[in-house]
Amino acid sequence: MTTSRALDEVVDLIAQLIRFDTSNTGEPETTKGEEECARWVADRLAEAGYETTYVESGQPGRGNVFARLPGDPESRAGALLVHSHLDVVPAEAEDWAVHPFSGAIADGYIWGRGAVDMKDMAGMALALARQFAREGTVPPRDLVFAFLADEEAGGKWGSQWLVEHRPDLFEGITEAVGEVGGFSLTVDRPDGRQRRLYLVETAEKGLSWMRLRATGTAGHGSFLHSDNAVTELAAAVARIGAHQFPLVLSDSVTEFLAAAAEETGLDLGAQTPDLETALFKLGGLARIIGATLRDTANPTMLNAGYKANVIPQTAEAVIDCRVLPGRQAAFEAEIDELLGPNVTREWVTHLEPYETTFDGHLVDAMNDAILAHDPDGRTVPYMLSGGTDAKAFAKLGIRCFGFSPLQLPPELDFAALFHGVDERVPVDSVLFGTKVFEHFLLHSAPTER
């Protein structure tokens, strides 16, 4: 089997996906483009012979597309879900070197919002799905290709809604692969050579957005006030923003640190003084890895007042909380100590953390696919500091991984491209990833029957 058809069109498919402005503001009235993009994907799948299912998840325009490719009828393996989201975070065009929705191909890169998060994987999945159908490929297990809405706002009107209201779409699925995994991290070895580690996501921190509210006494701004809601809130926000939660290393993080230490010779253990600083010797990805060593709580929004000389009765803030597996109760107890007596909290969004083990046939298939195209590579597990649609699918008992393979240039600050200005993905990385992903999908189930 060759990837000639997929390789011929994958770059163009990604560029076309980027040209759909699917900006997700988090507010239904200003989010746009998902339906148009989803229907375009459905048309591309139908061209190749698929019967597709288009679903609007709870709100008009929140489009999702599913297509199933039947596998070996004698296989005992459950179906594999290959999921991508079509929405992206907003972008300000004046900040970019190219228009963020141009899908420009220049200087060896595909440019635009969503290039790495995650229309690159959507394009690879779409290209391979089309190739398999056109060539009559029978994979070793059923493959379910899903292209989803609303991931960038927690999946309320995408994966979460689908799991709750349309579980039939996930019938027979036992495992899943999605974004933010399978990409390379080049590290320096003690002998002067370099080694590419391919990071497979086996865990995600919990995603919880918390609203704080302080209540005081409204009054004239020229008077003395001992219970100013703005003052109470600002103090609580400052305490939370400055707080450092305890170091807690999950199994996924511990395995990653051990592998990185083995390859680099660096001291990267639980007893390492200032482990976060030591991690920066691994490059820009340390921002992601470092954020998985502890819980985090970052203030992101403030809202109070309506006139310069009026002290408001209430003030509000939003805190972006990311919590490690097994830490929720302890995290909340620490937050409550920091709030103070006149500040209350509530969850705006609360999605549980997820972690699985780095073993089994699917992990072996990922490793074999990487080594088939990069014999000197090494797959290692890691934890994502953010969240993906895997949080929803895990509720159905589906075992989830992040595996969207890319071989990246050593000098590329990949972490900075997520939600960043001038988001882009190397063309060569996409071509490498398409070949690896094909190998993986065609060997994603044991041959024993």
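1. A quick term first: a pocket here is an open set of grid points with protein on both sides within 12 Å along at least five of seven lines, and its volume is the space filled by probe spheres set on the points. By that count, the second largest pocket holds about 200 Å³ of space. Keep in mind as you read that this is a predicted model.

2. Who lines that second largest pocket? There are 16 lining residues, and Ser184, Leu185, Pro410, Leu412 and Phe414 lie nearest its centre. The elements giving two or more residues are β8 (183-188) and α12, with β8 supplying the largest share, 4 residues. By class, the lining divides into 10 nonpolar, 4 polar and 2 charged residues.

3. On to the domains. The protein is divided into domain 1 (6-186 + 354-442) and domain 2 (206-351). Their C-alpha centres lie 30 Å apart, and the contact takes 22 residues from domain 1 and 24 residues from domain 2.

4. Where does the second largest pocket lie relative to those domains? Both domain 1 and domain 2 give residues to its lining, so the pocket lies between them.

5. Now the largest pocket, with a volume of about 1,700 Å³. Its lining has 50 residues, and Glu152, Leu207, Trp209, Asp320 and Arg322 lie nearest the centre. Several elements give two or more residues to this lining: β10 (206-215), α8 (286-290), β12 (296-304), β14 (314-323), β15 (343-351) and α12 (414-417). What gives the most? That would be β12, with 6 residues.

6. Sorted by class, the lining of the largest pocket has 20 nonpolar, 16 polar and 14 charged residues. Domain 1 and domain 2 each contribute at least three residues to the lining of this pocket.

7. Four of the strands listed for the largest pocket, β10, β12, β14 and β15, also turn up together in an open sheet. The strand order is β12-β14-β10-β15, and the pairing is antiparallel. Why do β12 and β15 each have a side without a neighbour? They stand at the edges with a single partner strand each, so one side of each is left free of a neighbour in the sheet. From one strand to the next, the twist averages 20 degrees.

8. If you want a spot to look at in that sheet, try the pairing of β10 with β15: 8 bridges join these antiparallel strands. Tryptophan 209 has threonine 349 in β15 as its bridge partner, and Trp209 is also one of the residues nearest the centre of the largest pocket.

9. Two helices lie across this sheet. Helix α5 (residues 229-242) crosses β10, β12, β14 and β15, running at about 15 degrees to β14. Helix α9 (residues 328-339) lies across those four strands too, but runs at about 150 degrees to β15.

10. There is also an open sheet of 3 strands, ordered β4-β5-β19 with antiparallel pairing. Here β4 (105-106) and β19 (424-426) are the edge strands; each has a single partner, so one side of each lacks a neighbour in the sheet. Strand β5 (residues 109-111) is joined to β19 by 3 bridges, and isoleucine 110 has valine 425 of β19 as its bridge partner. Helix α13 (residues 427-441) packs on the sheet and touches β4, β5 and β19, with its direction at about 65 degrees to that of β19.

Notes: Residues numbered from 1 in each chain as written. Predicted model: local features only at pLDDT ≥ 70, side-chain atom pairs only at ≥ 80, totals over all residues. Heavy atoms only, no water. Pairing = 2+ DSSP bridges. Contact = heavy atoms within 4.5 Å. Axes fitted to C-alpha atoms, helices over the stretch in contact; angles between N-to-C directions. 1 Å grid on protein atoms, 1.4 Å probe; cavity = no way out; pocket = protein on both sides within 12 Å on 5 of 7 lines; lining within 4 Å. Nonpolar A, V, L, I, M, F, W, Y, C, P; charged D, E, K, R; others polar. Domains from an automatic or database assignment.
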